[in-house]
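Please work through the following exercises on side-chain interactions and packing. Each task is followed by a solution in steps.

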Amino acid sequence: YCCTTTGKFHPSSDSTPPTSITNRETKRTRMDSSNDSIAALSLLDQGNTFLINGKPSAAITSYTDAIKALTSIASNGDRESNNLSKGLEFRAYSHRSEAHLQLQNVKDALSDAQSALDIAQDTNAVSTILLNGELESCRSRKEKATKLLPAATTATGTATATAISTASTPIIAKKKPPTCPKYQYYQSDSVMTISILERNVTPENLKVDFDVCSLSIVLEKEGLSFTVISGTLFDSVIVPKCKVIYKDEKVLIKLKKEEKIEWHNLFGKGKTKVKDTNTNTSEVTNTNENGNGKGAVGVDALEAGDATKEAAIPMVDPSKKVNRPYSSQRDWNAIEKNIKEEEESEKPEGEDAVNKLFKNIYKDADENTRRAMIKSFQTSGGTCLSTNWNEVSGTDYEKERTAPKGSEWKNWEGDRLPQKDD
């Protein structure tokens, strides 16, 4: 270098750099190497943390970045820095081999272990930096990867062959075997309705056997027979008035009760006495969703005629164009009329008969009679019912209460109320 009046050094072919400049460049190189070493140590420590916490994939990434940083130190640093970087590089390769083993990457694990051992053999100073047992751990990883390599190669080939075989062979879905359909039931005072939850059932594959006190339902599905229901009913039924209604999504079994009582269960002991032994005949009236009767099976002509008549539902005459707010072809006016006629023709018994009598009296009575019935019944607490308005209008039933024998009137707080006997 030559010096000019400006005080700067310029390169010259026959000059040598001053000692101060050479020392400055050496310090800068060492500083850069030190920074790279710190970064590599940080990445190596980060990879160790990932490996300990069971995250081998993240550890491999950190070790790879550390190896890149250490490679640049080896190419630019001095001898001391090179020894340190080689020791750290050995650890990075050795620890990355362990991470590959955890991920079953046998080939990569073997390669990293061999690279670490090569670094340890080429650099004599590395052995002074490594801790006790690090070389032995690396050799153990190499031996383990060497033993696992044939098995891994065989497994890879088998998996590939299986994948090719699976891709070439069409997958045939196994058809589920048919199962017995479920059912549920609900009731009114006069009819017990059983709903079989099976779609697209036809009379040809459903066998229903009615008896006065028993019921049997067998369904044929996909060549198999399933007994859906079989047993003794809770109470007796009127066989000619029992019927089956087929719908798209289910089948309804209508059982006409002989007595208007509530059944606690569908099955029971039935009745010990049977009024009509001639009705112990298998009979079913089949009706589709539109209400068209399909006839009767296993009964005499008279019972068959009654059952068909029972199943007949009034339909709208297609020749008459009547605007209706619904699309059904049933004549609901006629159906309502038939229901009312059936209700009127039924003869209630017991408490129902008394209630019906009072309803008829109230319906046909004049205004005063109705007023008398309402006042006497409500103000007396249900203990008196009178149709004489002249008598009821001047009577205060709340002060002249009468209670049944052995009981007395009390308010909600439990205080006794005045009664007629007081």
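The exercises below concern a predicted model.

**Exercise 1. Aromatic pairing**

Task: Classify the geometry of the aromatic pair formed by Phe234 and Trp263, and state which parts of the chain the pair ties together.

Solution.
1. A pair of aromatic rings is described by the distance of the centres and the angle of the planes.
2. For Phe234 and Trp263, the centres are 6.2 Å apart and the planes enclose 40°.
3. The distance satisfies the limit of 6.5 Å, and an angle that is neither under 30 degrees nor over 60 is classed as tilted. The pair of Phe234 and Trp263 is therefore tilted.
4. One aromatic pair is present in the structure.
5. Phe234 belongs to the loop between strand E7 (224-232) and strand E8 (243-246), whereas Trp263 belongs to the loop between strand E9 (251-256) and strand E10 (285-287); the pair therefore ties together parts that are 29 residues apart in sequence.
6. The two partners also have their accessibility assigned: Phe234 is partly exposed at 24%, while Trp263 is buried at 2%.

**Exercise 2. Charges over rings**

Task: Which charged residues lie over the rings of Phe226 and Tyr362?

Solution.
1. Over the face of Phe226 lies Lys221, 5.7 Å from the ring centre.
2. Over the ring of Tyr362 sits the charged end of Arg370, at 5.0 Å from the centre.

**Exercise 3. Salt bridges**

Task: State how many salt bridges the structure contains, and determine where in the chain the partners Glu98 and Arg141 lie.

Solution.
1. The count is six salt bridges.
2. In the salt bridge between Glu98 and Arg141, the closest N and O atoms are 3.1 Å apart.
3. Glu98 is located in helix H3 (residues 79-102) and Arg141 in helix H6 (residues 134-168), so that this pair links distant parts of the chain, 43 residues apart.
4. Glu98 has a relative accessible area of 23% and is partly exposed; Arg141, at 15%, counts as buried.
5. Another salt bridge joins Glu136 to Arg139, with 3.2 Å between the closest N and O atoms. Because Glu136 and Arg139 are three residues apart in helix H6, about one helical turn separates them.
6. Lys340 and Glu336 also form a salt bridge, at 3.8 Å from N to O. These two residues are four residues apart in helix H8 (residues 332-345), so they too are separated by about one helical turn.
7. Lys340 is partly exposed at 46%, and Glu336 is partly exposed at 44%.

**Exercise 4. Nonpolar cores and a hairpin**

Task: Identify the strands that supply at least two residues each to the largest nonpolar core, and describe how strand E3 is joined to E4.

Solution.
1. The largest nonpolar core has 25 residues, and those with the most contacts inside it are Phe210, Leu215, Ile217, Ile253 and Leu255.
2. At least two residues of this core come from each of strand E4 (191-196), strand E5 (206-210), strand E6 (214-221), E7, E8 and E9.
3. Beyond its neighbours within four places in sequence, Leu215 is in contact with residues including Ile194, Val208, Phe210, Ile229 and Leu255.
4. Another core, of 20 residues, lies apart from the largest one; among its members are Ile67, Tyr93, Ala120 and Cys138.
5. Strand E3 (residues 183-187) runs antiparallel to E4 and is joined to E4 by five bridges. Tyr183 has Ile196 as its bridge partner in E4.
6. With three residues between them, E3 and E4 form a hairpin.

How values were computed. Residues are numbered from 1 along each chain as its sequence is written. This is a predicted model: local features need pLDDT of at least 70, side-chain atom pairs count only at pLDDT 80 or more; totals for chains, interfaces and linings use all residues. Side-chain values use heavy atoms; hydrogens and water are left out. Rings of Phe, Tyr and Trp (its six-membered ring) pair if their centres lie within 6.5 Å; planes under 30 degrees apart count as stacked, over 60 as edge-to-face and the rest as tilted. Buried means under 20% relative accessible area, exposed over 50%, partly exposed in between (1.4 Å probe, protein chains only). A charge sits over a ring if NZ of Lys or CZ of Arg is within 6 Å of the ring centre and within 35 degrees of the ring normal. A salt bridge is a side-chain nitrogen of Lys or Arg within 4 Å of a carboxyl oxygen of Asp or Glu. A nonpolar core is a set of buried Ala, Val, Leu, Ile, Met, Phe, Trp, Tyr and Cys residues joined through side-chain atoms within 4.5 Å. Contact means heavy atoms within 4.5 Å. Two strands pair if DSSP finds at least two bridges between them.
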